[in-house]
Amino acid sequence: MKKLNEIKISGVSLPLYAFIVFVLAVTIAMGKLPLNMLGLTLLLVVMGHVLYFIGEKLPIMNSYLGGGSVFTLLGATLLATFHIIPKDIIVATKGFLGDSFGFLDFYIAALICGAILGMNRKILVKASARFIPVSLVTMVIGAFSVGLVGMLLGQGFGHSILYVSFPQMVGGMGAGILPLSKIYASNLHGDQATIFSQLAPATTLGNILAIIGAVLISKVFVNSKSNGHGVLIPVNKDELKKEKLNLNPTDIGVGMMFAFTIFLLGVICNAFVPKIHSYAFMIIIVFILKALDVVPKTLENCVVMFNQVIMSNLTHAVLAGIGLSLIDLATLAKAMNVQFIILSLTSVVAMGLAAAIIGEFVGLFPVETAIGAGMINNSMGGTGNIAVLSASDRMEMIAFAQMANRLSGAIILILGGLLASMLN
């Protein structure tokens, strides 16, 4: 019993964890799990932590396939696909992450504010000035690469860009292919539901390939001079030193209020300019505050504390929620053919290489730009960014990832309408 108590899953001893899982399983079997914040949070946290723990222990998985993060996504997806988790819980989880409860907004608000305010101000400004152009040029190269390979495969230049490249780069489902499918339907005079089902496989497969790509890049170049280990731009070690914070319950609450207030400012801005996502406005606002150095250090520390608490406890839960409710293996399997896989892989490889090469040219670490501009721009928006960065152990890059993803998403929506009208 003593040895079992020494085995801990996210700080919980194995016997206690087994008891929690047992109670949760019985509640689900009885159909009595509360489909609210309490029930779904417990389910996702417990599921996320145990799947992550297993993934980190599996030999091949932990070395080459993304370890705990990828196993959490895959495990939760399989639990949903084989109906081990009841349908009503899966539907509720989707709403819990999205508009119904906004769990993902809660998580991302903490991440963005804490990531930006916790960074060295000089590094943030320098890196952003170089990173954004790299991200934009990488998108252009990715789209043309997919179009040219599509021509060689007999899929057509425009068709390949519209149905593979753009849905992979547009930034996910809700803020990505949903509005993109509306734009296509309007310009091509087609059915939106049909078009959405054609775009979804590319978004899903692109995200999976981006996760694997990020893991491989981080593993292969782990000891390379091209690896910044989560830092985009070469800096002095002194600039990377961070103040060690002693977590304080009151300060964590203050950090939460400030982070959520910034998020609401993003929502207000989005109401006036709907085509730019609230996350994008939030990033801009926090970036300006940090660049101008107007937030008191004590308040910055409060937000960073809140960030640390949320990241430590909820990251695996978010990954479990993504796998459970947002990755549809059945839809993906139907769309699978050699041409589709090659085109999707082309986007990921071309953008990863382009970002690395251009990043090095402008003085950024190639590994970080390959992941932050290449892989991230093939991911499913906020959820995909978390999966990619978590798998490659680069969660400190979340602000840049969101910046790249939201910027690319807005541009793709505009270009998608133009290209679709040209092909009509």
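I take helices to be DSSP runs of H or I with at least four residues, numbered from the N terminus, and on that basis I placed T77 in helix α5, which covers residues 67–81. I note that what I am reading is a predicted model.

**Entry: T77**

I looked up the exposure of T77 and found a relative accessible area of 2%; because buried means under 20%, T77 counts as buried. I then asked which residues T77 touches once those up to four places away in sequence are set aside, and the list I obtained is G323, L324, I327 and L329. For G323 I have a further detail, since the side chain of T77 reaches the backbone oxygen of that glycine at 3.1 Å.

**Entry: the whole chain**

I counted 20 helices and 2 strands in the protein chain. The radius of gyration is 21 Å, close to the 22 Å that the globule rule gives for 424 residues, so I record the chain as being as compact as a globular protein of that length. Along the principal axes, I find that the C-alpha atoms fill a box of roughly 65 × 50 × 45 Å.

I also looked at how contacts are spread along the sequence: of those between residues at least 6 apart, 75% join residues at least 24 apart.

**Entry: surface and charge**

Of the 424 residues, I find that 51% are buried, while the accessible surface of the protein chain comes to about 19,200 Å², with 69% of it belonging to carbon and sulfur atoms. Lastly, I compared the mean positions of the 24 positive and 17 negative charges, which lie 3 Å apart.

Notes:
Residues numbered from 1 in each chain as written. Predicted model: local features only at pLDDT ≥ 70, side-chain atom pairs only at ≥ 80, totals over all residues. Heavy atoms only, no water. Rg over C-alpha atoms; globule rule 2.2 N^0.38 Å. Buried < 20%, exposed > 50% of the residue type's maximum accessible area, 1.4 Å probe, protein only. Contact = heavy atoms within 4.5 Å. Areas by Shrake-Rupley, 256 points an atom, 1.4 Å probe, with all protein chains shown as cover. Lys, Arg positive; Asp, Glu negative; His and termini not counted. Charge placed at Lys NZ, Arg CZ, Asp CG, Glu CD. Polar contact = N/O pair within 3.5 Å; in protein donor to acceptor, adjacent residues only side chain to side chain.
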